Structure formats: C-alpha cells, structure tokens
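This report describes selected charged contacts and backbone features of one protein model. Please consult the sequence and the structure shown below while reading.

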Amino acid sequence: MTLANFLKSARPEPVDLPDLDISGPERFFNRELSWLSFNWRVLEEAENPRVPLLERLRFISISAANLDEFYTVRVAGLRELVNVGNTKPAADGLTPAEQLKRIDENARRLMAEQQRILNVLRGLMVQEGIEIVARDDLNDDDIAYLADAFMSQVFPVLSPLAIDPAHPFPFIPNTGFALALQLERLNGRRPLQALLPIPAQVNRFIKLPTDDGKFRFIFLEDLLLLHVDSLFPGYRVKDHFSFRVLRDSDLEVEEEAEDLVREFEVALKRRRRGDVIRLTTTSNPPSELCSLVMEELGVKRKEIVELDGMVGAADLKELVLDERPDLLWPSFTPRVPERVQDFDGDMFEAIKQKDMLLHHPYETFDMVVRFLQQAAQDPHVVAIKQTLYRTSHNSPIVRALCDAAEDGKSVTALVELKARFDEAANIRQSRKLERAGATVVYGFLDWKTHAKISQVVRREGDKLVTYTHWGTGNYHPITAKIYTDLSFFTCEESLGRDAAKVFNYLSGYAMPEGLENLSISPHSLKPKMIEMIDSEIEHAKAGRPAQIWIKMNSLIEPDMIDALYRASQGGVQVDCVIRGICGVRPGVKGLSENIRVKSIVGRFLEHSRIACFGNGHGLPHREARVFMSSADWMGRNLNRRIETMVETKNPTVKAQIVSQIMAANLADTAQSWVMNGDGTFTRYPVPEGEFAFNCHKFFMENPSLSGRGSAGAADVPKLTHTDGA
C-alpha cells in the first residue's frame, strides 16, 4: 500500500445502521467499551505470528496489567456511582449500571481468552526449551534444589497466618496475591484455616537448574504448597485456592487542602485500603474457604472471577527472557541526530541553527536529558523552568535540575502530584528538588498540569535567549524507549515568550494573555481546534480541497466528535489514527461517511498527539497547518487539565510531521486495525503475497528530516502523494 493509493482510495461505502439514532446519544461509542476493544487488540498481538514468541507473551502481560488498572480506576468509579444511586447516562446514553454489566461480560471473555492464548504459547515455548513445570513433574534434583531455594530466598519474607478469633483476617493490598489453605493435622485433631500472603518482592516464577541451555520454571505458589510443612509443622493441605485482589485506587483530595503534599500522603495511605473491586481466584475454589475470604474482603459473588489457569497474568513479563534474544524483537539503538553530532553534542548550537523535531524512540530521548544537563553545567544559563508529570526513579532530569539549582541558577519545577500512580514518586522528587534549592510549585488543585515544557534562559552577549522544549510525552527516559512521541526544540522568540507566560500562570495564576504561537487548555486549545475544523468546512464549501489528519491516543470529547461529524457532512475528508479509546462512529450513512479511523498496535506504543489541516490545499502540502500537543481529545484533557498545543511553522519540521510521520502512520498495513461504524475493529486486510508496510520499521530505518545535519535532508525518505511506502 502506497500513501498515494491510500489517499486516492475510495472511502468505503457508508454503512447504514437503521437502528442507530444518529441525532441522539448513540452517535457516540461508549468510552469504557472502546477501551476494552483496545485491550482486545493488544491481546490479539499475542496471537500474531509476525511477533516474536516472548514478545507475544509480553502482550498477554500488558493486556492483563491494563485490565487491572481499568478496574481499579474506571470500574471503581462506575461502581461508586451505582452505589450512590446515580443513573445519569454517559454521552452515549448508557447508565453506570448498564456500563458495568457490559464491562463485566466483556472482561470475563477477555480474561478467559488470555488463558487460552497462554496455553497455546506455553506449548510453543516448550518447543523452544522454555517450560513452566508442574509440581508433579519435578524430579529428585529439582525437589532438593527447591528446598534450599525456599529456605534461602522465600521463607524469611513469608508470614503464614492462621484464621481464627485470635488471628484476624489480614489486610490484602491492591494487586495482593495470596493462598487460602484448608489444613488438617497429621494426628487427626481439629482442622485449621490459614492464609499465606505472597509478597510482591519475590518473583512469581522460580527458575530451576538446567545444564542443557534450556529454561525451566515453577510457579511460586507451587513452591509454597510443596513446603507447607515448613510453614505449618504438623499439618498437611486438605484443600486450597489462590486469589488476587483489586481495590479502588482513585484518590480523593480535600478541595481546601492547606498542604497539598501532606494531603496526598494521607490520600495514598487511603488508596491501599480502598474497597475490593474484583477478586480473581483459581477455578472451583472450595466453597467454605471461598466464603470465608469473600466475607472478610466484603466481596459479592458477582465480583468474583474464577480462572481456569494462571491468576495474575500480568506477572508473565518475568518470562520475557533477555537470555533468548532470538525470541525477542531485533535489537534497536536509537539514533543521535546528525545535526547534534555536527556540533559535537552542543544542543544549544544545534537548536540555534534551526528548529529541530525529534521522533522518539527512533531518535534518542538522551537528547532531552542532554539539553537539561548542558543547561545545568553552562555558566551562561541563568534560569531553567520545567514541568514534571511522570519521571523515572533516580531521574536524570531531576538530577540535572538539582545540579543547576546547587550551582546557583534559578530553577523552577512544576511537579504534578496528581499524576495517577506516580503521586508518591513525585512527592519524593519534589522534596529532592527543594533540598537542592529549586523552587517547587504544584500548579492547580482542581486541574492536573499535563503540559510538557522545558524552558532554558541563556545569556548570549548583551541579551537573554530562551530555548524551549515542547513534548507530546513525559520526561521519562524509560517509557521514552517504547512510547512514540515528539520533542520539539526551538529558540524562536515568540515561543520563548509563550513558555514564560505559561510558567507564570502555573506558579502565580496569572492568566496568560497574548499567546503568539501557543494554545492551552482548558482555555484556548479546544476552541482553536474547532476553529480549524470549521475552517476546513469552509474550504470544502468553496470547492477547495478539504482534509484533516489527526493522531492521538484517545478521541472521546463530544464537542470535538460533533465537529468532526460536521466536517464529514460538509465534505471534509477526515483520517484519524487513534490508538486507544475512540467515541467516533466512522463511515455511518448520514453521519460520518467521510471519516476513517484506524488504530496502530505494534512494537512501540503510539503516544504522540498531532493535528494537520489541509488549509485549502489538501494533505500533504507545504501550506498545511500543523499542530503538536500534549493533549488527547478527551474531556479531562480539554476541559480539566493544563495542556499545550504548538503550531509548527518551520518548513522542515512541518514536512517531517506531515510527509513522514503522519504519512507513514496512514500508510501502515502491518500493524493497523480499521474501526467500523458499530465500534468493532478489523485487522487491516493485506492480500496474500502483498507487502505489508510497517511504519515502526520505516522509522527505525530512516532518519528524521529536521534532525539531519551537514548531509542535508535531500536523501531522507518522505511518503508523499507519489512516493511509495
């Protein structure tokens, strides 16, 4: 498939859905069911024969971890609404109770499918010399080795607990895993019910010794069952089952909190003790023992999921073995941009030459780290300002900011405490920054600061020059290796002024006025995008080419969807690359004939947010209007968060986004799924014998346009109207 063929291909015949009220709530597809559909696509990769075997195992793990988080946040929120009697429907018309019912049916099928695919992969793994061994298959040498491993590696951290009036049922934290045991004394006296919480600090899979280059493992719970006599001397196991707990993990913070850090520390402790949302058990748990666990955890029968297989499939990531590179993705080393190399690694000189856009992970995120490290060490730098939403443990970004502050530079860090599941880490980072002498602010109590901005002010001669970095992803070197994101570096004066105004807003609540090349939510970003959509409608009415390309993680905000529907009905050709949640119903007669939606799920996680408008010339074209943003088109991003959107005006950067990044995403067939009007997705059809274009492979093999150095950009492949994929 070439981009030319893609752009010229006729839109599929619109689907007539006579039972769908396209003027009412049904014009939107449900957010939660759309997310589950995305997680099904993730799981489908575990069956994709083009994916290396252990990477397929990783996809099961990812889908399981995704589902856990979905339950602890989204399902927990819906259940709370049901419990307080809230019947207000979502945008698509489904009430909280109706959504919970559909989620439960869908998620149970998903978990059963995880187990089915795992069984298939286990058979393939055995053929490759990787085996999970059952207790009955252990030989004498295995048993001897495990006896020593149990006493030296596991026994010291276990806390076996009898369950009786003198020993209350223990607290099991979120994602906590435990064995419930029905024991009987060897001398025949009264039985004992017991619980064995399994510490998260111990690996789920215990490696057995081999001398033939193969890999053999046993489940940790099987190791524990082998050594019950060491934990409960004089008893033997009569019956048992294992279970895993998911709890409500949403945080509630007082609106008038005087000390936001302290309030979050208290809220984090409350999170650990949230209500149980789901209890997953092994199949056919003994009824008396299961009833005891249910009663103690406050769980209803409908909240239990019995699995015929492995409880806690997220732990399968432990079996993605670095020792078997032949069963993993081929190794890939991110590129250092040639222009940075031309200037011997000097980021300021490289940026000063012209704007530079890096496409991660294909261009290394180390350049963002180097930008800040160089700023920290440069005696000409006088000030650094930085937003921090998610960072890594021992973050080099935070370390550079601390070094700068300790060197006497003015350092301001906006640390977002409300970054879900990173709250505790961000509290630690903020205290580290404060000890170094940086000014730490936390933005707004009601709104999360999700914008990704870095501002460096440098004295050059008799003036101050501002260098800025604008990102679509987090300042997190670990996730930057697998998330596709954009990093835009510039010393353009108007964007420097815009950045300063945004930081003043975050630290002093001074509403930014007169922004020159920047839109921000919750104020101007959404209106700007609707204005651009309406502009394309006007071009279509005037008979000019009218086209919109958008790429993001999620598209669910009702006003934005309705604007795209208006565009479609006005003759605008709309192509959407939406990785995850999508509330649009594409290709529906009378509603969205001119809208196509695709999702790319592959080696890397698509994360960049881009919007391109033909501007009366169609796409791709040098006169297009091109925007990159930190925001998805969701209610939270557009209405309740601080987000940024930059219009890129440098011709090379625009060409890179439109003719390389967006064009390759649209031309991809190897990893693409096409959304149907009923909300389902179909893997992109590739005829037998036809080449399947993989955009991730294309980006790994070809340098980005704006990162080219003295070699120039002439030989860098672009996907255009006439170029093939």
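Which residues are linked in a network of salt bridges? The network consists of E349, K352, D378, R458 and E460. A salt bridge is here a side-chain nitrogen of Lys or Arg within 4 Å of a carboxyl oxygen of Asp or Glu.

The model is predicted: local features need pLDDT of at least 70 and side-chain atom pairs count only at pLDDT 80 or more, whereas totals for chains, interfaces and linings use all residues. Residues are numbered from 1 along each chain as its sequence is written, and side-chain values use heavy atoms, with hydrogens and water left out.

**Salt bridges**

The structure holds 37 salt bridges. Three of them are listed here.

| Acidic residue | Basic residue | N to O distance |
|---|---|---|
| E349 | K352 | 3.3 Å |
| E460 | K352 | 3.5 Å |
| E606 | K551 | 2.9 Å |

K352 thus appears in two pairs, one with E349 and one with E460. The pair of E460 and K352 links distant parts of the chain, since E460 is in strand 15 (residues 453-460) and K352 is in helix 11, 108 residues apart. The pair of E349 and K352 is local: the two residues are three apart in helix 11 (residues 347-353) and therefore separated by about one helical turn. Helices (H or I, at least four residues) and strands (E, at least two) are DSSP runs, numbered from the N terminus.

The accessibility of these residues is classed by relative accessible area: buried means under 20%, exposed over 50%, and partly exposed in between (1.4 Å probe, protein chains only). With 29%, E349 is partly exposed. K352 is also partly exposed, at 36%. E460, in contrast, is buried because its relative accessible area is 18%.

The side chains of E606 and K551 form a salt bridge with closest N and O atoms 2.9 Å apart. E606 lies in strand 22 (residues 605-606) and K551 in strand 19 (residues 547-552), so this pair ties together parts that are 55 residues apart in sequence. Both E606 and K551 are buried.

**A buried acidic residue without a salt bridge**

Which side chain of opposite charge is nearest to E643? The nearest is R641, 4.1 Å away; E643 is buried yet has no salt bridge. For such charges, Lys and Arg count as positive and Asp and Glu as negative, while His and the chain ends are not counted. E643 is placed in strand 25 (residues 641-648). The side chain of E643 does make a polar contact with the side chain of S630, at 2.6 Å. A polar contact is a pair of N or O atoms within 3.5 Å; within protein, one must be able to donate a hydrogen and the other to accept it, and residues adjacent in sequence count only if both atoms are side-chain atoms.

**Positive surface patch**

On the surface, R399, R428, K432 and R435 gather in a patch of positive charge. Patch residues have over 30% relative accessible area and no salt bridge, and like charges are joined within 9 Å. The place of a charge is taken as NZ of Lys, CZ of Arg, CG of Asp or CD of Glu. Helix 14 (residues 423-436) supplies the largest share of the patch, three residues. R435 is found in helix 14 and is exposed, with a relative accessible area of 66%.

**Backbone features**

Most residues other than glycine have a negative phi, and most peptide bonds are trans. The peptide bond from H360 to P361 is cis, with omega near 0°. P361 is in the loop between strand 10 (356-360) and helix 12 (366-377). L619 and P620 are likewise joined by a cis peptide bond, with omega about -5°. The loop between strand 23 (609-613) and strand 24 (625-629) holds P620.

L619 is 9.3 Å from A663, C-alpha to C-alpha, although 44 residues separate them in sequence. A663 lies in helix 19 (residues 651-667) and counts as buried, at 0% relative accessibility.

Positive phi values occur at T175, near 65°, and at Y509, about 60°; neither T175 nor Y509 is a glycine. T175 is in the loop between strand 2 (161-162) and strand 3 (177-185) and counts as partly exposed at 39% relative accessibility. Y509 is in the loop between helix 15 (493-508) and strand 18 (518-521), and counts as exposed at 52%.

Definitions and conventions. Patches are made of residues with over 30% relative accessible area and no salt bridge: like charges are joined within 9 Å, nonpolar side chains (Val, Leu, Ile, Met, Phe, Trp, Tyr) within 5 Å. Accessible areas come from the Shrake-Rupley method with a 1.4 Å probe; for residues, only the protein chains shown count as cover.
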